[in-house]
2 protein chains.
Amino acid sequence: MDISVLHNSILFKGFDDTEISELLKALNAAEKKYNKGAMIFSSGEITDKLCFVTAGGVTIESNDMWGNRTILNLVGKGQFFAESYALLPDVPMLVDVCAAEDCTVVFLSMKSLANLNDTIRSRLLANLLTITTRKNLHLSSRSFHTAPRQVRGRIMAYLNTVSVQKHSHEFDIPFDRQQLADYLNVERSVLSNELSKMQRDGLIRCKKSHFEII
Amino acid sequence: MDISVLHNSILFKGFDDTEISELLKALNAAEKKYNKGAMIFSSGEITDKLCFVTAGGVTIESNDMWGNRTILNLVGKGQFFAESYALLPDVPMLVDVCAAEDCTVVFLSMKSLANLNDTIRSRLLANLLTITTRKNLHLSSRSFHTAPRQVRGRIMAYLNTVSVQKHSHEFDIPFDRQQLADYLNVERSVLSNELSKMQRDGLIRCKKSHFEII
DNA sequence: GAAAGTATGTTGTAATTACAACATTTTGGG
DNA sequence: CCCAAAATGTTGTAATTACAACATACTTTC
């Protein structure tokens, strides 16, 4: 198991190596690898597992019965997912979780939190609070990206956020065209088309997943 | 101050009356009333206040420079808002918070958490974790309501959720037409029009904010 | 209970998006 | 290097939505 990524995670912030090893045991840490496209969780499932991505990345998505996909979030290396469902274990998942690329996930049993001593548990809970709080901001930021009525507005809203996060006008985004379209809730072809227009209008330059705001 | 609503809140679950009174003091609880339409927070503000609605309701919204409003969430009596910003006090708010109707809000200083003793604080943090986790589910449920590409799909997605929550095919929604339109990210007139069509098609019955799914 | 104000419903047209079909480019094996 | 497969770009048409303008219904206040 790739311990080093876990050691730098928010969840184990403030814990030393020994404590982390013990915690991993106590929480029945289990690692699993997935190929790109594999489904890790399906809508309707119940889980008490807090999930941590140690390699690759996964998408949190909603797939309707007509095959339309909406990507709610992309969870990369070093980040957590399913924390809400793990902590509210009677709530069935509303989303699917898929491997966006080949990836490795570590599962931690939140049911086992009850067996920990008070001090350790409350330190863990404080860290969990940071995780859920940040996830909250992440979820709402998608709302801003999809709030504009027009495609160009959504693209700009999204690119702006990334640009601010990366402190640069030039950056790579973690999505391919189809994923970006599904994230912004627009047609892939319309997205491609609009990106072309925006380049012609001198707003941006882009090639594949590399973007530059002008 | 309306103590009874606070006593039944998730935040103070497990605390007795004496403890709650002391906590309210320790967290500098302050109450404020707002008239319908008043702005409680504006995008860009910084706050460490956990906010609790003791009467009325507020909307969490994003207003762009062209006057388009997107309602991300409606926070009613007995619920909290701004918890993410209160807990990450260096992050400026991305949203506006407005009084959806005349309302009363209690502000609790999260900065003051540091002054509490360990036991009390960790009990509070555990409750805060519940609040943020539930808020997470709430935020993602809006994503499902806006995921369908067409207006009818969005309306149905939303009405289904409410129907399930209220365990009934007949219910009131907390939005007026303009608010519902802003929540579903569609034009108000298009929404009204589609609701009429859906009634003609025998899918629903509705009058003002009262709905029945057939 | 009128009048004014607000909320909701209706309609037509302009603008935008969805969808399908196809062209082009890129990628990864063999 | 070539081929096949995947990803991205382009285009045209049908369908949907945005927007404005107006009609109707409901509320509030005097």
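Eighteen residues lie around DNA strand C, and of these 18 residues A:Val151, A:Glu187, B:Arg177, B:Ser192 and B:Ser196 come nearest. The list names residues of chain A and of chain B. The structure described here is a predicted model, and the values below are computed from it.

Begin with the part of DNA strand C that faces the protein. Of the strand's atoms within 4 Å of the protein, 60% belong to sugar or phosphate, and the rest belong to bases. Particular atom pairs can then be picked out. In A:Val151, a polar atom of the backbone is 2.9 Å from a phosphate oxygen of DNA strand C. With A:Glu187 a polar atom of the side chain is involved, and it lies 2.9 Å from a phosphate oxygen of the strand. In B:Arg177, a polar side-chain atom lies 2.7 Å from a phosphate oxygen of DNA strand C. The elements that give two or more residues to this surface are helix H7 (188-200) of chain A, and helix H6 (177-184) and helix H7 (188-200) of chain B. H7(B) gives the most, with five residues. Sorted by class, the surface near DNA strand C has nine charged, seven polar and two nonpolar residues.

Now turn to DNA strand D. Of the 18 residues around DNA strand D, those that come nearest are A:Arg177, A:Ser192, A:Ser196, B:Val151 and B:Glu187. Sugar and phosphate make up 61% of the atoms of DNA strand D that come within 4 Å of the protein. Two side chains of chain A can be followed to phosphate oxygens of this strand: an N or O atom in the side chain of A:Arg177 is 2.8 Å from one, and an N or O atom in the side chain of A:Ser192 is 2.9 Å from one. A:Arg188 is placed at a base, with a polar side-chain atom 3.1 Å from a base oxygen of DNA strand D.

Which elements supply at least two residues each of the surface near DNA strand D? They are helix H6 (177-184) and H7 of chain A, together with H7 of chain B. The most comes from H7(A), which gives five residues. By class, this surface has two nonpolar, seven polar and nine charged residues.

The next step is to look at how the protein chains meet. In the interface, 36 residues of chain B are in contact with 36 residues of chain A. About 3000 Å² of area is buried between the chains, and carbon and sulfur atoms give 64% of that area. Two salt bridges are found across the interface of chain B and chain A. B:Glu187 forms a salt bridge with A:Arg149, with 3.8 Å between the closest N and O atoms. Three residue pairs in polar contact are also found across the interface. On the side of chain B that touches chain A, strand S5 (69-76), helix H3 (83-87) and helix H4 (118-146) of chain B each supply at least two residues. H4(B) provides the largest share of that side, 17 residues. The residues of that side divide into 16 nonpolar, 11 polar and nine charged.

Finally, consider how one protein chain is placed relative to the other. Two copies of a chain are related by a rotation about an axis and a shift along it. Here, a turn of 180° and a shift of 0.0 Å along the axis lay chain B on chain A with an RMSD of 0.0 Å. That is the relation of a two-fold axis. Why do the copies meet through the same surface? They do so because 100% of the interface residues of chain B are also interface residues in chain A.

Definitions and conventions:
Residues are numbered from 1 along each chain as its sequence is written. Chains are lettered from A and ligands numbered from 1 in the order in which they are written. This is a predicted model: local features need pLDDT of at least 70, side-chain atom pairs count only at pLDDT 80 or more; totals for chains, interfaces and linings use all residues. Side-chain values use heavy atoms; hydrogens and water are left out. A residue is near a molecule or strand if one of its heavy atoms lies within 4 Å of it. A polar contact is a pair of N or O atoms within 3.5 Å; within protein, one must be able to donate a hydrogen and the other to accept it, and residues adjacent in sequence count only if both atoms are side-chain atoms. Helices (H or I, at least four residues) and strands (E, at least two) are DSSP runs, numbered from the N terminus. Ala, Val, Leu, Ile, Met, Phe, Trp, Tyr, Cys and Pro count as nonpolar, Asp, Glu, Lys and Arg as charged, and the others, Gly among them, as polar. Contact means heavy atoms within 4.5 Å. Buried area is the accessible area (1.4 Å probe) that two parts lose on being put together, summed over both. A salt bridge is a side-chain nitrogen of Lys or Arg within 4 Å of a carboxyl oxygen of Asp or Glu. Copies are superposed by least squares on the C-alpha atoms of residues with pLDDT of at least 70 in both.
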